[in-house]
Amino acid sequence: MKHGRNWWLVMALGVAPWWVQAQQHDAPRSDPRQVAMQVQPRYPGVIELEVDARDIERRIQRVRQRIPVSAGALTLWYPQWIPGNHAPTGPINQMAGLVIRGNGQSLQWTRDSGDMYAFTLQVPEGVSMLEVEFQYLSPTAADQGRVAMTPNLLDLQWHRVVLYPAGVDARGIQIKPSLRLPAGWQSGSALELVRRDGDTEHYATLPLMTLIDSPVFAGRHFRRFALDDSARQPVWLEVVAENPQALQADATVLEAHRALVREADAVFGSRPYSRYNFLLAVSDVFSGIGLEHAQSSENGMHDGYLRGERPFLDNDLLPHEYAHAWIGKAWRPRPTWVPHYNAPMHNDELWMYEGQTQYWAVVLAARAGLWKPDYALGMLAQLQANYATQPGRQWRDLHDTVHQGILDFNSKPQAWADWQRAFEFYNESTLLWLGVDARLRSLSKGKVTLDDFAKRFHQGGKPGEIRLYDRSDVMQALEAVQPGNWDAFIGQRLQARDGRAPEGLEAAGWEVYFSDLPNPVIADGEAEGLTDLQYSLGMKVGSDGVLQSVGWESAAFKAGLAKDMTLLAVNGLAYSGARLKQAVTDAKGGAPVELIVRQADSFRTVRIDYRGGLRYPHLRRIGGRPDLLTKILAPRR
């Protein structure tokens, strides 16, 4: 995201500069964020930021900053609301050792008692530059947070290693960053590299907002692949790995990623970036990630990803993050827009920001060949079956789930996920937008598709420019391509609490049926040791016998089972997934499924009364209806 002093924001489908928009639209609404939105346009001088990331064994990043100041009261902020996280997730608990000096003398700082991310101090007369030091203590294990540093890999997110002056527009704070890497490491980033002195990379001075939107992936083993290097706006796949073998890419895998770029061009039209870097870490140790940025994305996949091993597992990730270059970055919901990182973002439009993005992730993965056709159908069958049977849809509507990132403040797993509901605005919205696409095609007799809406809505984007939109803009654009009372159609689906299944697949000419054979998605999970009986007993079991989930009011629930219990025996024999499946099959003849389970230090016998056999969802055509789904998933380029 390149926002220098002369860039402006323009509203979606309009031309008003952001400051005019803010005065005319935001101020009269008594927005609780109004005070935070009133900021100084720029900060005088340039802040120098040095990060030393060589301590890979102890995973410590040492930070030094030089901040120009004048005498008086000063507040420094540590970033709290991180774009793409949809919640106040800034890892303030992993920052330590803060020391602030002026003219060589230590200055006393105080944490604001009402804002844990704010550090206040008094700058003495005669001090024009603060010297700031602290450490960012990157997690050494997953129970502390995301593992983003290993002996071979590094994901440097700048919001973790910076303090910045409060009350200033982040586009008006100039930062001069540098990064010191372990000896011999290479890196990928959307940042402009000015020079490299030994193992220290010096980047061009840029606005804080652009810096935080431009992470760095670095590693001992690095390789760069061109996905489109002939265009004026090139696209690169920059990969770091735990070992050199993981950098050996299968030609079919690379071609699918190149097809992804072509297929996205066909959907969205012009590219809203000057260049784009897919940052990819292939590792079974490094914690997975998917996070969008204006000119890059952070992606984490398994060790054999480039070689085509486990080829279907999660590889809608790169299409999802790439679609965000348009949806969420260049075109951004107005409620999410704030001028800095310490004002709350509002999530009301995530059904568009994340929901339509995930729809395009599914479609682009299928069109590009990242998913095989049977896998795409299996994934949609899974989604439809899940939401057709998810009891939480009776009390919590889809729109309410957009707030989950804030509600889920401790990032802990749910005991009853299908009843509590979580980040449904991703996957359930996929079915919502499939319904919109199918309805566009039906109303127009095949002349208009969601591709047409996307190209119209995202027309005119330029690198470095952000356009703000809200729900009315989305509805107006839909009405423009095909009249259909879209506000009522989408609104009803966002607010429904009737527990009925989403009808997107049915509108596209397909329906779910169940058989005793796993679909490709479930087969992939079971190849990793999972025993998936979600649609029969109502539970999933890990390879260690631990219950990973139990469905609300399912047969397993009614028998008294709960998440995190351990299955020890099935019908008198030591537990295995195969024995449990056989017991479910045998129960069709009348024999109960008898389990010995452990919960903490207690053991008991449980009998599950179920006669339905193994059930796995699949898709089939609905006779007499047009097959719109095949057309939707077919390549365009």
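Student: What joins β7 to β8?
Tutor: A hairpin does, and the link between β7 and β8 runs through two residues. Keep in mind that this is a predicted model.

Student: How many bridges join β7 to β8, and which way do they run?
Tutor: Four bridges join strand β7, residues 109–112, to β8, and the two run antiparallel.

Student: Which residue stands opposite T110?
Tutor: That is T120, in β8.

Student: And what about β4, how many bridges join it to β8?
Tutor: Six bridges join strand β4 (residues 72–77) to strand β8 (residues 115–123). The β4 and β8 strands run antiparallel. As an example of a bridge, L76 has F119 in β8 as its partner.

Student: What holds paired strands to each other in general?
Tutor: Strands of a sheet pair through backbone hydrogen bonds, in either a parallel or an antiparallel way.

Student: Switching to the open sheet. What is its strand order?
Tutor: The order is β18-β19-β20-β22-β21, so five strands, and the pairing is mixed.

Student: Which are the edge strands?
Tutor: β18 (221–228) and β21 (290–292) are the edge strands; each pairs on one side only.

Student: How much are neighbouring strands of this sheet turned against each other?
Tutor: On average by 15°, with direction ignored.

Student: Back to β18. In what sense do β18 and β19 pair, and over how many bridges?
Tutor: β18 and strand β19, residues 235–241, pair in the antiparallel sense over seven bridges. Within that pairing, A226 stands opposite W236 in β19.

Student: Which helix lies across β18, β19 and β20?
Tutor: Helix α4, residues 251–268, lies across those strands, β20 being 276–282. Relative to β18, α4 runs at about 50°.

Student: New topic, helix packing. At what angle do α11 and α13 pack?
Tutor: About 25°, between helix α11 (residues 424–443) and helix α13 (residues 471–481), and their axes are 11 Å apart.

Student: Why is α11 called roughly parallel to α13?
Tutor: Because their angle is about 25°, and angles under 35 degrees count as roughly parallel, α11 is roughly parallel to α13.

Student: Is the crossing of α11 and α13 left-handed or right-handed?
Tutor: The α11 and α13 crossing is right-handed.

Student: Which residues in α11 and α13 meet?
Tutor: From α11, W433, V436 and L440; from α13, V474, L478 and V481.

Student: How do the residues of that contact divide into nonpolar, polar and charged?
Tutor: Six are nonpolar, and the contact of α11 with α13 has no polar and no charged residues.

Technical notes. Residues numbered from 1 in each chain as written. Predicted model: local features only at pLDDT ≥ 70, side-chain atom pairs only at ≥ 80, totals over all residues. Heavy atoms only, no water. Axes fitted to C-alpha atoms, helices over the stretch in contact; angles between N-to-C directions. Parallel < 35°, antiparallel > 145°, perpendicular 65-115°, else oblique. Left-handed = near helix turned anticlockwise from the far one by under 90°. Contact = heavy atoms within 4.5 Å. Nonpolar A, V, L, I, M, F, W, Y, C, P; charged D, E, K, R; others polar. Pairing = 2+ DSSP bridges.
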